[in-house]
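Please examine the sequence and the three-dimensional structure shown here. The briefing that accompanies them is arranged by topic.

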Amino acid sequence: MNTTPSQARREQKPYVVIECPEKIPCDPCVDACAQGAISIPGSIIELPEVDYEKCTGCLLCIPKCPGLAIFVIDETPEDHSIIYIPYELLPRPKKGDKVLALDREGKEQCEVTIIKVIDSPKFDHCAVIGFSVPKNMVNDIRFIKLQ
Ligand code: SF4
Ligand code: SF4
């Protein structure tokens with residue numbers, strides 16, 4: 001069980017990234033994953049762990065986290081990577097929009113292009129937004145701002 005995937009796994013298929021900020025009694029992410037890839041060992045206040053052998057990168061856990069702490073990263077394209085984030089704000093961005101990518105502190109990093117918007121009623125008002133980023137920025141960018 002790991003909290004970060006190996007380089008080989010990163011190159012193989014999309015993978016989940018959980019950045020749960022603190023130990024709180026919370027576990028919707030565990031039930032959100034039909035693959036059984038997310039677990040919380042021991043007490044419910046412990047941080048979640050990911051079995052990267054089981055994670056398919058399906059995106060379904062992203063909108064289920066009340067803390068907006070779950071992301072999926074796809075490093076399989078040759079010339080860019082894709083980050084999928086939870087997005088609760090309105091209006092939603094649209095496919096093809098150019099938006100500003102922000103780091104974890106909300107600092108602007110670069111302009112990126114929206115490539116996927118999944119806004120299902122099943123997601124309970126939280127959309128999943130995918131955008132392309134330079135390969136060297138997958139660990140830095142976690143939010144977007146519409147222009
Ligand atoms: S991306 Fe899909 S398979 Fe991976 S942990 Fe989330 S729900 Fe499970
Ligand atoms: S649902 Fe989100 S905030 Fe709650 S334990 Fe899972 S990752 Fe952390």
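The points below describe the surroundings of the two ligands and selected cysteines. The model is predicted. Ligand 1 takes up the largest cavity, while ligand 2 occupies the second largest pocket.

**Ligand 1**
- The residues that surround ligand 1 are V16, C33, Q35, A37, I38, C55, T56, G57, C58, L59, C61 and V72.
- In this shell, 9 residues are nonpolar and 3 are polar, with no charged residue among them.

**Ligand 2**
- Around ligand 2 lie I18, C20, C26, P28, C29, P48, C65, P66 and I70.
- The shell of ligand 2 consists of 9 nonpolar residues, with no polar and no charged ones.

**The second largest pocket**
- The second largest pocket encloses about 190 Å³ of space.
- It is lined by 18 residues, of which C20, I24, C26, C65 and G67 are the closest to its centre.
- The lining of this pocket comprises 14 nonpolar, 1 polar and 3 charged residues.

**Cysteines**
- Among the residues around ligand 2, C26 and C29 are both cysteines.
- C29 is classed as buried because its relative accessibility is 9%, and the limit for buried is under 20%.
- C26 has a relative accessibility of 24%, so it counts as partly exposed.
- How many disulfides does a search of the whole structure find? The search finds 0.
- A disulfide is a covalent bond that joins the sulfur atoms of two cysteines.

Methods:
Residues numbered from 1 in each chain as written. Chains lettered and ligands numbered in written order. Predicted model: local features only at pLDDT ≥ 70, side-chain atom pairs only at ≥ 80, totals over all residues. Heavy atoms only, no water. 1 Å grid on protein atoms, 1.4 Å probe; cavity = no way out; pocket = protein on both sides within 12 Å on 5 of 7 lines; lining within 4 Å. Points joined across faces, edges and corners; volume = space filled by probe spheres on them. Nonpolar A, V, L, I, M, F, W, Y, C, P; charged D, E, K, R; others polar. Near = heavy atom within 4 Å. Sits in = over half its atoms within 2 Å of the grid points. Disulfide = S-S within 2.5 Å. Buried < 20%, exposed > 50% of the residue type's maximum accessible area, 1.4 Å probe, protein only.
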